[in-house]
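Welcome! Here is a short briefing to help you find your way around a structure you may be seeing for the first time.

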Amino acid sequence: MKEKSVGMELRCLNHLVRRYVESSAIKQKVDKMTGTNGWIIGYLSEHADQDIYQKDLEQHFSITRSTASRILSLMEQKGLIQRQSVLSDARLKKLVLTQKALEVSEMMKQDAHYLEENLIKGFTNEELDNFYNYIMRMKENIKNLKAESRTDPTKK
């Protein structure tokens, strides 16, 4: 009998999820409408309760100032964001999603929710709790493994 591999099964599941996301109708629509701006829309939507500035995007996405400036200018032209002054410092402009971008964000959230519902279909709450606990333990195991000195795994 063939030996099972948790790592391989997780990798395969990851590929299946990625393939679904990449081929979903909503992803195709978002890409056509916004190019790679979906990531920024998602980030701004997730942080709607905070003032987000260009420098925050530069740090979060590890992009240069010129790249961020160019992307944000294009997003403004497309009607996806607005730069609004803040009272505390007239030089700062916070980034705010427009109604158009909020609609894109909502479509992305609905698609993610649909995927999640289908991933967990048929599982009981207890099974899901166990699953999350297993995943957390595996993540902790990997963190601990990385913390250990790099030795030959064949020598125990």
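Lys 94 is partly exposed, because its relative accessibility is 22% and the buried class ends under 20%. Please keep in mind that this is a predicted model. Lys 94 takes part in a salt bridge with Asp 51, so let us begin with the charged pairs and then move on to rings and the surface.

**Salt bridges**

- Side chains of opposite charge can pair when their charged atoms come close.
- How many salt bridges does a search of the whole structure find? The search finds four, and three of them are described here, starting with Lys 94 and Asp 51.
- The closest N and O atoms of Lys 94 and Asp 51 are 3.6 Å apart.
- Lys 94 sits in strand 2 (residues 89-97), while Asp 51 belongs to the loop between helix 3 and helix 4, so this pair ties together parts that are 43 residues apart in sequence.
- Asp 51 counts as partly exposed, with 42% relative accessibility.
- Glu 76 and Arg 83 also meet through their side chains, with a distance of 2.9 Å from N to O.
- Glu 76 is partly exposed at 34% relative accessibility, and Arg 83 is partly exposed at 26%.
- Another salt bridge joins Arg 91 to Asp 89, where the closest N and O atoms are 2.9 Å apart.
- Arg 91 is exposed because its relative accessible area of 71% is over the 50% cut-off.

**Aromatic pairs**

- You can look for two aromatic pairs in the structure, and one of them brings together Tyr 43 and Phe 61.
- The ring centres of Tyr 43 and Phe 61 are 5.8 Å apart and the ring planes stand at 70°, so the pair counts as edge-to-face.
- This pair links distant parts of the chain, with Tyr 43 in helix 3 (residues 38-46) and Phe 61 in helix 4 (residues 54-61), 18 residues apart.
- Is each ring residue buried or exposed? Tyr 43 counts as buried at 12% relative accessibility, whereas Phe 61 is partly exposed with a relative accessible area of 26%.

**A nonpolar patch on the surface**

- Val 6, Leu 10, Tyr 134 and Met 138 make a nonpolar surface patch of about 350 Å².
- Helix 1 (6-23) and helix 7 (125-147) are the elements that give two or more residues to this patch.
- Tyr 134 lies in helix 7 and counts as partly exposed, with 43% relative accessibility.

Notes:
Residues are numbered from 1 along each chain as its sequence is written. This is a predicted model: local features need pLDDT of at least 70, side-chain atom pairs count only at pLDDT 80 or more; totals for chains, interfaces and linings use all residues. Side-chain values use heavy atoms; hydrogens and water are left out. Patches are made of residues with over 30% relative accessible area and no salt bridge: like charges are joined within 9 Å, nonpolar side chains (Val, Leu, Ile, Met, Phe, Trp, Tyr) within 5 Å. Accessible areas come from the Shrake-Rupley method with a 1.4 Å probe; for residues, only the protein chains shown count as cover. Helices (H or I, at least four residues) and strands (E, at least two) are DSSP runs, numbered from the N terminus. Buried means under 20% relative accessible area, exposed over 50%, partly exposed in between (1.4 Å probe, protein chains only). Rings of Phe, Tyr and Trp (its six-membered ring) pair if their centres lie within 6.5 Å; planes under 30 degrees apart count as stacked, over 60 as edge-to-face and the rest as tilted.
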